[in-house]
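Subject: Structure handover

Hello,

Please find the structure below, as agreed. My notes on it come after.

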Amino acid sequence: MYYGKTTLVAILATLMSSLVQAGVSADEAKQLGNSLTPIGAEKAGNKDNSIPAYTGGLTTPPAGFKAGDGQRPDPFAGEKPLFVIDGKSQANYAELLTEGTKALLQKYPDFRVDVYKTQRTVAFPKFVETNTAKCAQSAQTINDGRTIQGCHAGFPFPIPKTGFEAIWNHLVRYNGGPFVFDYKNWHVNSAGRPTLATSGTLSQHFPFWDKDKADNGIFLRQRILYTGPARRVGEGLLVVDPLDFVDKDRRAWVYLPGQRRVKVAPDIAHDTPNPGSGGTATFDDAYLFSGSLDRFDFKLIGKKEVIVPYNTYRLSFHTSAEQALKPNFVNPDAVRWERHRVWVVEANLREGKRHVYSKRRFYLDEDSWTIVASEAYDARGQIYRAGYAYQTPLYDLPAPYADLHAIYDLVGGGYSLIGHTADTGGVKSGVTAERDWTPDALAGGGIR
């Protein structure tokens, strides 16, 4: 079939318009730093000031902080809850609760939500704000939302137009790395018995945020050298996530000491059960969502006010696993909840794609672009799992940090607490070299 040149150009233009989402206009970008914060949150508080105006976040460490220490003192240690929500009172707060929180309150009579005064503590270095202003007009998604381009060392979509753009903000979020620290993942089964799922040394590097180096097409690199449980001692994992999930996709390798070799691991993605969670979560449940966006259509629903875990210094840095891990849920005494504005993104399974979840809902904190809560639904449309990220801004960097997260199984019972560092020295910055990010280096780091 023959098309004239003009017709062909028109067809290509129509096709590209359906695949490419470009940056905002210059007029829209002027909102950043004015009515909006430099990364796109509303500066103003809400009507009753239960969410205050943003004034720059928390950038001064409280008394007792020691430079270089991974454990951060709680700047709000003396505060008491404003009110408490339990199963009996949840109907009074239904508009402010996520579906996952409602399900937990209904399922477990002893579960409760202690709500504190809202503190907008998130802050960023100046270069993040400056580069985000540039990215707002230049960044775009291509390849049906699975690739971004036109942005480096800034949030690509501070004024998002699509669900894909909002989720990309979460994927590439700034959390202050690079880091090298020890962690533990715990699984609590339906009988209430806690088990160590994994422990190890985690190295994280974020080439996307290296303002002094050119873009290399990678936004995240992670390396884990496992130290427990006994059956996993000496194993290693290397994961590299690209800005282009079409031509490159996630790359992963594992080192198995019994075989003394490094193997490509293509299944470290999507709905493969994650052994690091004891099987309660999938690999793309990490940080409530990670990896390629090809299985779902992401729809931007809009903004709303919800009550979510926030400023969780007590749980993150000052609560041992023994204190935190209660039957059925994380100890409510250790979790601080606050009222915040979030972007809501709904993800529905694409036709022809397979996944253990048929639908997912994500709640992205407007001040940090971190997914702070999530829900996942099974093939019957029944709520299956609920997730929470325990965001705890690192005021000494400054940067928001929310790698500590929990995934609840609302069907079978049980939950996992992932990335716990209160017993292992906290979250520490660390230096890595390029040679550390190769499969050969993974083999060298493992125990033979």
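What follows is a short account of the empty space, the disulfide and a few residues. Please keep in mind that this is a predicted model.

**Pockets**

The largest pocket holds about 730 Å³ of space. Its lining is made up of 46 residues, and those that lie nearest the centre are Gln-222, Ile-224, Asn-274, Ala-286 and Tyr-287. Two or more lining residues come from each of the strands β5 (179-188), β6 (194-205), β7 (218-228), β8 (236-242), β9 (251-256), β18 (405-409) and β19 (415-420). Of the elements, β7 gives the most to this lining, with five residues. Sorted by class, the 46 residues come out as 26 nonpolar, 13 polar and seven charged.

The second largest pocket has a volume of about 310 Å³. It is lined by 17 residues, with Gly-177, Pro-178, His-205, Trp-209 and Asp-210 nearest its centre. Here the classes are seven nonpolar, four polar and six charged.

**Cavities**

There are six cavities of 30 Å³ or more. The largest cavity takes up about 60 Å³. Its lining consists of Asp-285, Leu-288, Tyr-357, Arg-360, Phe-362, Ser-374, Glu-375, Ala-376, Arg-385, Ala-386, Gly-387 and Ile-407. The elements β15 (359-365), β16 (371-377) and β17 (383-389) each give two or more residues to that lining. By class, six of the lining residues are nonpolar, two are polar and four are charged.

**His-405**

His-405 sits in strand β18, one of the strands that line the largest pocket. What accessibility does His-405 have? Its relative value is 2%, and because buried means under 20%, His-405 counts as buried. A polar atom of its side chain is 2.6 Å from the backbone oxygen of Asp-403. Leaving out residues up to four places away in sequence, His-405 touches Asp-285, Ala-286, Tyr-287, Leu-288, Tyr-388, Ala-389, Tyr-390, Ser-416, Leu-417 and Ile-418. Among these contacts, Ala-286 and Tyr-287 are also listed nearest the centre of the largest pocket, while Asp-285 and Leu-288 are among the residues that line the largest cavity.

**Trp-343**

Trp-343 is part of strand β14 (residues 337-349). With 14% relative accessibility, Trp-343 is buried. Apart from neighbours within four places in sequence, Trp-343 is in contact with Pro-160, Leu-300, Gly-302, Lys-303, Phe-362, Tyr-363, Leu-364, Glu-366 and Trp-369. Phe-362, one of those contacts, also appears in the lining of the largest cavity. From Trp-343 to Tyr-388 the C-alpha distance is 15 Å, with their positions 45 residues apart in sequence. Tyr-388 is in turn one of the residues that His-405 touches.

**Disulfide and helix α5**

How many disulfides does the structure hold? It holds one, which joins Cys-135 to Cys-151 with an S to S distance of 2.1 Å. The pair links distant parts of the chain, 16 residues apart: Cys-135 belongs to helix α4 (residues 126-138), and Cys-151 to the loop between β4 (147-149) and α5. The link is right-handed, with 85° about the S-S bond. Both ends are buried: Cys-135 has 3% relative accessibility, and Cys-151 has a relative accessible area of 10%.

Helix α5 covers residues 163-171, and nine of its nine residues are buried, so the helix is largely enclosed by the rest of the structure. The buried residues are Gly-163, Phe-164, Glu-165, Ala-166, Ile-167, Trp-168, Asn-169, His-170 and Leu-171. At the N-terminal end, α5 is capped by Thr-162, with a side-chain oxygen 3.4 Å from the backbone nitrogen of Phe-164.

**Ala-443**

Ala-443 lies in helix α8 (residues 439-445). Its relative accessible area is 12%, so Ala-443 is buried. The C-alpha atoms of Ala-443 and Leu-225 are 9.9 Å apart, although the two residues are separated by 218 residues along the chain. Leu-225 falls within the range of β7 (218-228), the element that gives the most to the lining of the largest pocket.

Regards

Technical notes:
Residues are numbered from 1 along each chain as its sequence is written. This is a predicted model: local features need pLDDT of at least 70, side-chain atom pairs count only at pLDDT 80 or more; totals for chains, interfaces and linings use all residues. Side-chain values use heavy atoms; hydrogens and water are left out. On a 1 Å grid over the protein atoms alone, a cavity is a set of points where a 1.4 Å probe fits but cannot get out, and a pocket is an open set with protein on both sides within 12 Å along at least five of seven lines; lining residues have an atom within 4 Å of a point. Grid points are joined across faces, edges and corners, and a volume is the space filled by probe spheres set on the points. Helices (H or I, at least four residues) and strands (E, at least two) are DSSP runs, numbered from the N terminus. Ala, Val, Leu, Ile, Met, Phe, Trp, Tyr, Cys and Pro count as nonpolar, Asp, Glu, Lys and Arg as charged, and the others, Gly among them, as polar. Buried means under 20% relative accessible area, exposed over 50%, partly exposed in between (1.4 Å probe, protein chains only). A polar contact is a pair of N or O atoms within 3.5 Å; within protein, one must be able to donate a hydrogen and the other to accept it, and residues adjacent in sequence count only if both atoms are side-chain atoms. Contact means heavy atoms within 4.5 Å. A disulfide is a pair of cysteine sulfur atoms within 2.5 Å.
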